[in-house]
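Let's walk through this structure together, one region at a time. Keep the viewer open as you read.

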Amino acid sequence: MFNHLSTYLYQRPKLILALLLGPPLLYMLVVYLGSLFTLLINSFFYLEEFTGLVVRQFTLRTYLQLFSPTNLGIFGRTAGMALAVTVVDAIVAFPLAYYIARYASPRWKTFLYIAVTLPLWSSYLVRVYAWKLILAKEGIISWFFNLLGLQGILDGILSLPGIGGSSLSLSPIGMLIAFCYIWLPYMIVPIQTALERVPKSLLEASSDLGANAAQTFRSVILPLAFPGVIAGSIFTFSLTLGDFIVPQSLGNSRFFIGQAVYSYQGTAGNIPLAAAMTMGPVVIMVVYLLIARKLGAFDAL
Amino acid sequence: MSTPAIHFDKVSRHFGEVKAVDEANLEIRDGEFFSMLGPSGSGKTTCLRMIAGFDRPTSGNIFLYGQDVSDLPPYERDVNTVFQDYALFPHMSVGANIAYGLMVKKVPKAERLKRVQEMLELVRLTGFAERKPSQLSGGQRQRVALARALINHPKVLLLDEPLGALDLKLRQQMQVELKAIQKRVGITFIFVTHDQEEALTMSDRIAVFNEGRIQQVGTPSEIYERPASAFVAGFVGTSNLIDGETAKRITGSEEMFSIRPEKIHLDATNAEPEKDMLCIDGVVRDVVYLGLFTRYLVEIEGGSDLIVIVQNLKTTSMDVLSARGQKVRLHWHKDHMSRVGA
């Protein structure tokens, strides 16, 4: 019986393909793209201020609202934070990824790999609240600065206009630290994977042809690891763009995209504006990917 | 005599307990095509990597034209390598790959371009400068790797099994081409291979490696005709090794000797041995007809099996196959055998 079925399917490769691809494709189209499409449709409706009801009529009025100074400020602030998180994460992740990929022994490598991904096993909320305590005015970081008698330096940093605040947990710097910590694994893993794919003989060849370590790094390692950095940056950048927990828990009261979307669709009931707001990160990501392609990030793929 | 290109003075390289190279002494002459031949794990590649600087000797010293380079990093040695997997930079064009050595030495761009053109001509790849390595065939990549190494005018060029990945026909073509290029540029080539035929056809001299030790150094004919050890006799070509009682019966001494299968004459049992010929009787156990020649397996008195190869000058397959089970007399000239010790 089972053999018959097996033979029947063996003779019809297209049927197998349909059976295998059907369910995930259906899910992709209906649940995933479908909801994105609904979001897009909703962004072209508008909220009647007076009645508080959504008017289902095509209009660009909602999109116009995005260009209000407040909303432009939100976009700028969020994109700036996402960029800062990406740059800091890339700089922090590269040496560690390089060490794991090139120098660590197999056992040590497994250990480091688990260490890097271990934080992902625990709840993200718990970790954000932990950072809130660490960065608080009475937290371990201020305590440490006090201990070393370097309170002045911390106060100096916190008094910087724009990024400072009354304490680390209430400043954009604190938010940057928490973001960088939370998304770091997403940067390390792709860079490490890219570096592992660089054969050792290429580094030997470079050195054989007269390049010292710095020249080899600049001319061979960095260009070949660049697709990994870009892959990682897509994670760190887009995850920061959409996050609303970290900005809510840390930093000052100024809004980020995620928070804005959350509040518009919640109490305000302004689904169209929330939907239009969501299109912001989509556009920013498309621009980001186009720039990345221009820089040659996908040439080696 | 001029300074040797490479001189190994009691060089050892140990990896933990494993003696990859054990007290190697070696001199490679200026301008020669020198092969390091041996099975995998025999230490030949480790020797090459120590000359390049990728590995450092555990003890002993390596001299490059009289200069002790044992502790110099690869980028400070006037030596370049053609890698087994070519190791071309995948993100650079063929031209940029070839110019790499000049680029890191900050040679002006105009000169770089000129020399890249010369190199492309040398390896017959003119017009390929803009391509990426991924767009090339195996043989073309091989030549780019060669050009990339030669553009720096190294004192010594190291080649690590560079033909290993090519198919037979391309391989033979590249063997001829490599030899021609070496003659033209006049640089000392050190060629690592496990293919004895390749080593015999291309080299001026060969070093045979086994288990971290250099077994013999000599010209291809010396290696083939006068193997210094049982290992060399067996690894380079085919050999019959005879020792003990059987050896005593033939030569009067129990010491092991080797005799090449093609040097043995096969005759009827009543044939009279000529002057300086050694002989022994046996029975043909097996016959393999191979067109160009026939291979006989003969069990000689005393029990050993000897391989005998006879060219099919007059015989046909019918003639040779009927020889199975017949009694024969084997004889060979005493100059054709080598004593190989224990």
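We can begin at Arg12(A), which is exposed because it has 12 other C-beta atoms within 10 Å (a residue is exposed with 12 or fewer such atoms, buried with 20 or more and partly exposed in between, C-beta atoms being placed from the backbone). Arg12(A) sits in the loop between helix 1 (2-10) and helix 2 (13-43) of chain A; helices (H or I, at least four residues) and strands (E, at least two) are DSSP runs, numbered from the N terminus. From Arg12(A) to Ser43(A), 31 residues further along the chain, the C-alpha atoms are separated by 44 Å.

A word on conventions: this is a predicted model, in which local features need pLDDT of at least 70 and side-chain atom pairs count only at pLDDT 80 or more, while totals for chains, interfaces and linings use all residues. Residues are numbered from 1 along each chain as its sequence is written, and chains are lettered from A and ligands numbered from 1 in the order in which they are written.

Staying in chain A, look at helix 6 (residues 124-135) and helix 9 (residues 172-196), whose axes come within 10 Å and cross at roughly 145 degrees (axes are lines fitted to C-alpha atoms, for helices over the stretch in contact, and angles run from 0 to 180 degrees between N-to-C directions). Among the residues that meet here are Trp131(A) of helix 6 and Tyr181(A) of helix 9, contact meaning C-beta atoms, placed from the backbone, within 7 Å.

Now move to where the chains touch. The contact takes 17 residues from chain A and 19 residues from chain B. On the chain A side, helix 10 (200-208) and helix 11 (213-242) each give two or more residues, and helix 10 gives the most, with 6 residues.

Chain B holds 10 helices and 18 strands, and of its 342 residues 39% count as buried. Its strand 7 (residues 156-160) makes a good stopping point, for 5 of its 5 residues are buried. Val156(B), Leu158(B) and Asp160(B) point one way from this strand, and Leu157(B) and Leu159(B) the other way.

Strand 7 of chain B has parallel partners: strand 6 (residues 79-82), over 4 bridges, and strand 8 (residues 188-193), over 5 bridges; strands pair if DSSP finds at least two bridges between them. Asn80(B) has Leu157(B) as its bridge partner, and Leu159(B) stands opposite Phe191(B).

Methods
Contact = placed C-beta atoms within 7 Å.
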